[in-house]
Amino acid sequence: MLSLNHFLRPITTRPFSTGRCLVRPQKHLSGAQLWKRHAGTSPEPSQPSRPSSEPSRPQRNVIGAFTPTSAAIFVVVGVGLFWYFRNEKAKLQEQREKERMSKSYGRPHVGGPFSLVNCTAAPSSSEQRFTHEDLLRRWSLVYFGFTNCPDICPAELDKVTAVVNELRQSNPDLPVQPVFISVDPARDTPSTIRTYLTDFHPSFVGLVGSFEQTKSVCKAYRVYFSTPPDADPKGDYLVDHSIFVYLMDPEGRFVEAFGQTAEKEEMVDKIKQFVVEWSR
Amino acid sequence: MWPFTSSKKDTSASTREDRSKCWEARDKYFACLDRVGVLKPGDEKKDGACASEDKAYEQNCAKSWIEYFNQRRVIADAQKDRLAQANTQAANSKR
């Protein structure tokens, strides 16, 4: 505000050349007066009776504040503002570019090579093994769990099923595959996993490996899992594990981890957004 | 009632039907505990309460699940207390 006042002062006070305008305000036609004249109603009687000996003065006053000085100021300020905004825009663009760069650099290192048994492949099919390369050319939703899971895994798998269904409906051409990886290889046989997954989305891929392979894929995906130390492979026990649904893009790269609190709608919206960003 | 034994569980996967039966039995048992004012499952036994609900619970759920649900009931209650405490603390600090 202060700077604006400073800037306006030269125009309003006008110390040079147009001081008379302030001295003789009666000569200056107000907006209402002008309007009256244009509208054709009776003009002020005093105005026309004024001697026309100073033809240059009223003209000057009609021009008002528009003097060479103010014109110069107008142009200077205009050019200044133009440069200022152009500069700001460039700065903003630079910042956005930086953000974009840091985003791609900041991608968490989740995922990696693995090779597991594909429990859901048709017995005659040659795709009995499933590797990281089978994540390519499609979007994958990867969940780690075990079939004897009391309530969290089934709820999460139901959620993934709903998400896949919704995506298939809204984006029919989008290749999406839900993947279940067992963290309980001692008890989860391929046939157990195959039966278990029939309760969920029909396109679910069920994977299991040896204990070492399971440990390695869990490490790659930053998944914690813990089997009780005295667990009997035929016994009744629970496996403690982290609960995340990992979204992997068609290049097999990690995109997002959805926690237990992520709602179905939120997941669908986010995935759609990622798909748009990815295909750019 | 469908008999649910742990030996069956080991050979085949738990199905949606098994699970919902177990959850239903659990909810009935916990509702009974709430009625008699018992938090920790097992504490109601000395009063002889909820015996039939407990039996159905044990029949329909694997032992590991029962342990897990029972533990979680106690933990959830403690969390509820802690949450309430935190909320009142937050409300007090605002004053």
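This report describes a predicted model of two chains, A and B, moving from confidence and overall make-up to strands, cores and the contact between the chains.

The model scores ipTM 0.78 and pTM 0.67. Within chain B the average pLDDT is 85, and 86% of the residues score at least 70. Confidence in this chain is highest in α2(B), at 95, and lowest in helix α1 (residues 6-11) of chain B, where the mean is 42. Over residues 1-11 of chain B the pLDDT is below 50, although this stretch has 16 contacts in the model beyond near neighbours in sequence.

The make-up of each chain is set out in the table, where the last value is the share of contacts joining residues at least 24 apart, among contacts between residues at least 6 apart in sequence.

| Chain | Helices and strands | Buried residues | Share of contacts |
|---|---|---|---|
| A | 9 helices and 9 strands | 24% of the 280 residues | 67% |
| B | 4 helices and 0 strands | 21% of the 95 residues | 64% |

From the N terminus on, the elements of chain B run α-α-α-α. In chain A, by contrast, strand pairing can be traced, and strand β1 (residues 115-118) of chain A has pairings with two strands. With strand β2 (residues 129-131) of chain A, β1(A) pairs in the antiparallel sense over 3 bridges, and here Leu116(A) stands opposite Phe130(A). With strand β5 (residues 205-208) of chain A, β1(A) also pairs in the antiparallel sense, over 2 bridges, and the bridge partner of Val117(A) in β5(A) is Val208(A).

Helix α6 (residues 152-170) of chain A has 19 residues and reaches 27 Å from its first C-alpha to its last, which is close to the 27 Å expected at 1.5 Å a residue. Its buried residues include Cys153(A), Leu157(A), Val160(A), Val163(A), Val164(A) and Leu167(A), and among them are also the charged residues Glu156(A) and Lys159(A). An α-helix has 3.6 residues a turn, so residues three or four places apart point the same way. The buried residues of α6(A) pack against β3 (139-145), β4 (176-182), β8 (245-248) and α9 (264-278) of chain A, together with α2 (16-36) of chain B.

The largest nonpolar core has 45 residues, and those with the most contacts inside it are Leu141(A), Tyr143(A), Phe180(A), Ile181(A), Leu207(A) and Leu247(A). At least two residues of this core are supplied by each of β3, α6, β4, α7, β5, β8, β9 (254-258) and α9 of chain A, and α6(A) gives the most, with 6 residues. Apart from this core lies another, of 11 residues, among them Ala25(B), Tyr29(B), Tyr57(B) and Trp65(B). Returning to the largest core, Leu247(A) is in contact, leaving aside its neighbours within four places in sequence, with Trp139(A), Leu141(A), Val255(A), Glu256(A), Phe258(A), Ile271(A) and Phe274(A).

The contact between the chains takes 13 residues from chain A and 15 residues from chain B. On the side of chain A that touches chain B, helix α7 (residues 190-197) of chain A gives the most, with 3 residues. The residues of that side divide into 5 nonpolar, 4 polar and 4 charged.

Technical notes:
Residues are numbered from 1 along each chain as its sequence is written. Chains are lettered from A and ligands numbered from 1 in the order in which they are written. This is a predicted model: local features need pLDDT of at least 70, side-chain atom pairs count only at pLDDT 80 or more; totals for chains, interfaces and linings use all residues. Two residues are in contact if their C-beta atoms, placed from the backbone, lie within 7 Å. Helices (H or I, at least four residues) and strands (E, at least two) are DSSP runs, numbered from the N terminus. Two strands pair if DSSP finds at least two bridges between them. A residue is buried if 20 or more other C-beta atoms lie within 10 Å of its own, exposed if 12 or fewer, and partly exposed in between; C-beta atoms are placed from the backbone. The expected span of a helix is 1.5 Å times one less than its number of residues. A nonpolar core is a set of buried Ala, Val, Leu, Ile, Met, Phe, Trp, Tyr and Cys residues joined through C-beta atoms within 7 Å. pLDDT is the predictor's confidence in each residue, from 0 to 100.
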